[in-house]
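Biologist: Could you pull up the model and walk me through it? I would like to begin with the whole chain and then look at one helix pair.

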Amino acid sequence: MSFFRLKDLIRAVRVCKTAADERGVIQRESAAIRTSFKEVDSQDARYVNIQKLLYIYLLGYPVQFGQLECLKLVASPKFSDKRVGYLGVSLLLDEKQDILTLLTNSLKTDMNSSDDYIVGLALGTLSNVASSEVAYDLVDEVERLLDSPRSYLRKKATLAGVRIIRREPELFTPFLHRAKSLLGDKHHGVQMGAVALMAEMCNHTQEALDEGRRLVPVIVNQLRALLGSGSSPEHDVGGISNPFLQVAILRLLRVIARGSQQAADELNDVLTLVAAQTDSTKNVGTAILYECAVTALAIPSEPALRVMAINMLGKFLGNRDNNVRYVALATLSAAVITEAPSVQRHRATVIQCLRDNDISIRRRALDLSFALINENNVKPIVTEILRVLPHADLEFKPSMVYRLSAAITLFGDSLEWRIDNMLRVLSLGGKHVNARDMFKFIRLIALEADENLQRRAARISFALLERDISQEKMVVAGAWLVGEYADLLVARSNNPAAVATSPKSPVGGLDDDDLDILGALGKPLAKKGASPDNSDSAPVLAALDPSEDLPQAIPEPADIVRLLSAIAGSSVVSSNSRHVALTALAKLSGRFADSPATVASIRTALGKHTQSMDVETQSRAAEFGKLLSQELDAVRAGVVDRMPAPEYTDVPYEEYVLNPTAMRMKALTIIKRPAMQPVDFVEGESAAEAAARAAAEASKQSVVSDLLNLMDEGPAAVPTSPPTAAKPVDALADLLGGVALSPTSPSANPAAVRSVASPPESAGGFAAEGLDSEYEVYNSHGLRITLTPSKKAKMATIVDLLATFYNEGEVAVSDLNFLVAVPKSQKLQIQPPSGQHISVGATVTQLVRVSNPTKSAIRLRIKLGFTADGQAQENMFEYSGFPASVV
């Protein structure tokens with residue numbers, strides 16, 4: 001059964017009650033359409049069938065058999081046929097399909113049509129599906145249409161030019177010559193297309209960037225005209241004249257002025273004007289102000305303008321729109337790297353966002369709060385974050401306690417403050433504290449704290465364990481401190497004031513049955529004789545107030561024994577915590593050796609665990625019980641004597657532990673860098689000299705640009721971090737045999753990557769044998785990899801290796817990771833790949849640049865990782881098959 005009209009097909013699909021019924025309808029109609037294509041050569045029938053195919057395509061069913069029919073429909077002289085045909089071409093074809101070459105003649109013919117709307121259809125299709133070959137064939141036609149008297153065609157032609165530049169950046173010359181007239185066009189649509197075209201050219205070529213900087217006055221005048229003109233009904237949005245064009249112009253100015261002090265100076269006045277005249281109470285105004293602030297921060301603008309940008313972002317934090325607050329927090333997290341004093345003024349507002357109802361806002365506010373921490377404000381910020389910690393989302397807590405530990409360690413001004421706040425972290429988030437931070441805290445007390453601080457830490461730990469034993473790392477650390485410093489715990493302090501403020505432990509007079517209350521999570525110890533309401537009515541303890549002093553307890557020896565015995569017998573603590581409690585009990589026999597009653601109670605407490613079902617617990621209890629026997633009295637003191645601080649490898653905190661957003665912005669900045677220019681490597685220049693020269697040039701740029709010079713990420717650059725800092729590249733270098741290594745990273749900017757990954761043109765004088773030839777280095781699991789070496793005249797010591805990944809298998813390849821190492825006499829840079837996913841029959845490219853000043857043979861050690869058909873593949877191999885001329 002065939003449905004002769006599109007409406008009939010839609011009605012038939014809608015009345016289907018199950019997915020199986022729908023598939024049946026689609027299969028029957030697809031078969032009928034396929035038969036019609038073979039038997040009926042009528043444009044009217046083809047017109048209806050293509051419409052139905054597009055609807056089937058929108059439902060998610062395969063319709064590839066209709067691609068050629070779309071091209072036949074495009075050849076029809078009727079506008080209605082062309083419109084449906086071009087729509088089908090845009091949806092069903094892409095630039096990677098060979099059939100697209102058949103479309104070139106139709107596009108060229110229609111672009112010369114006397115009907116402007118047919119020309120517009122051809123230009124729109126060209127903007128969607130143009131490949132490199134089509135771009136070369138039709139660039140002259142697009143260039144001609146840029147001079148059309150019709151603004152409709154000029155707008156369409158500029159958008160087609162954007163597609164051409166993205167595919168073939170070297171075709172920018174005819175578009176660059178018309179940039180000034182297009183940017184000054186009176187029609188807003190043409191201006192919008194011209195701004196996009198200019199930004200695309202500036203991202204790919206230095207010549208276009210230089211021309212853009214010369215056109216800054218023209219662009220600024222257009223922006224001033226938008227700000228000064230009255231709102232027209234045609235372009236008015238919320239009382240603001242064409243906010244879309246204003247945003248596009250600001251983004252173009254950001255691209256042009258980045259790294260140019262002169263261009264940035266020309267923008268100071270207009271950016272101030274935008275900030276002053278734009279209404280921030282409306283959403284469109286907020287978008288413009290946001291772009292204005294980001295532009296001011298991304299270029300080397302004046303300090304006053306940067307402060308104004310930070311204040312605008314700070315004002316956004318009070319906006320009711322969650323999206324506005326989110327982008328403001330994200331931008332401030334990146335800007336805090338260099339604008340910390342200005343961002344600090346909005347600290348109170350950022351702290352308020354920690355309690356926002358939106359989880360994404362809380363996440364960003366948390367990142368920014370940690371990024372604001374320094375030696376001057378660490379105490380109030382840590383206090384506020386500790387207040388939020390008990391109520392924070394479970395997924396946030398591991399990161400929060402880790403960064404709290406880092407902030408306390410890095411910025412704490414006194415040992416007492418560091419110890420107190422680490423105890424707060426352990427008591428509020430001990431389940432999520434990692435072992436390294438716990439051992440670091442214990443070692444801090446054992447090595448650096450004096451007797452008074454050790455006494456204070458032990459008393460606080462005892463009081464906290466009385467309140468709650470649900471935090472694992474708190475139980476481990478607290479039991480260790482109580483057992484190690486039990487003699488200090490019960491002794492009176494030399495400071496009378498401290499004794500007066502330290503309350504008597506509430507556990508005095510308890511028997512073993514009373515200590516069963518410790519088995520309940522989060523319940524405090526109850527005094528003997530307390531009513532049930534007092535002990536059971538509050539199953540969850542109120543969190544400690546970080547602004548108040550921590551509780552301290554001065555227990556008797558019997559109270560310490562009962563507490564540790566209760567922990568060792570509790571079923572709610574981990575086995576590791578129970579083992580530490582048993583060890584602490586054994587230590588008490590040495591601390592209170594002069595009290596036979598205490599030693600006897602310790603022996604009794606240990607005896608309860610000699611029949612434990614846990615082998616390790618039973619073994620420890622039996623061994624410690626034997627140690628407390630009378631025949632070992634002579635050696636017991638030495639065995640349970642105070643232990644040295646635990647030994648472990650101290651790993652320093654990562655560079656971006658307090659501001660992970662800065663790390664992400666750093667990686668993003670690297671990926672979005674334009675393609676390397678020949679000046680990145682100068683013949684005869686050492687790596688250190690190249691890095692110094694790059695640093696001198698980068699010092700003129702803004703923080704977002706100079707965060708990471710491309711050379712700083714590779715082994716050829718002098719590291720900017722302290723020599724003791726761990727470098728992530730070292731581990732990979734060791735893995736690959738100690739050779740210099742440069743990591744790859746996925747690209748967030750396909751346009752930039754395409755420019756980087758395009759094979760460099762061979763210059764005269766470098767037509768040596770072996771250059772510009774493909775060498776196969778890998779062929780397995782459907783993936784074939786080739787390397788194509790090439791050289792440029794101005795860089796005699798540089799060899800560009802274009803890696804091309806061909807997916808010749810039957811399944812797609814994803815998660816591509818290509819690492820390369822070279823001998824230490826050579827230097828290496830790897831540009832991001834053009835993609836990490838390779839469809840069947842598709843290709844991906846990646847540029848590897850080798851500096852070889854010694855002219856030694858190029859040897860590569862390659863580590864390849866990818867996923868195919870759900871199976872992860874990893875291979876490591878070497879390649880040295882280049883001819884001797886490729887050096």
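**Chain overview and one helix pair**

Modeller: In this predicted model, buried residues (under 20% relative accessible area, with a 1.4 Å probe and protein chains only) make up 52% of the 887 residues in the protein chain. Because the model is predicted, local features need pLDDT of at least 70 and side-chain atom pairs count only at pLDDT 80 or more, while totals for chains, interfaces and linings use all residues. Residues are numbered from 1 along each chain as its sequence is written, and side-chain values use heavy atoms, leaving out hydrogens and water.

Biologist: How many helices and strands are there in the protein chain?

Modeller: The protein chain has 41 helices and 11 strands, taken as DSSP runs (H or I of at least four residues for helices, E of at least two for strands) and numbered from the N terminus.

Biologist: Switching to helix 17, how many of its residues are buried?

Modeller: Helix 17, which covers residues 283-298, is mostly covered, with 13 of its 16 residues buried.

Biologist: And how do the axes of helix 16 and helix 17 cross?

Modeller: The axes, which are lines fitted to C-alpha atoms over the stretch in contact, with angles running from 0 to 180 degrees between N-to-C directions, come within 10 Å and cross at roughly 150° for helix 16 (residues 261-277) and helix 17. That makes the two helices roughly antiparallel, a label for angles over 145 degrees.

Biologist: Which residues make the contact?

Modeller: Helix 16 contributes L271, V274 and A275, and helix 17 contributes I288, L289, C292, T295 and A296, where contact means heavy atoms within 4.5 Å.

Definitions and conventions
Buried < 20%, exposed > 50% of the residue type's maximum accessible area, 1.4 Å probe, protein only. Expected span 1.5 Å × (residues − 1). Parallel < 35°, antiparallel > 145°, perpendicular 65-115°, else oblique.
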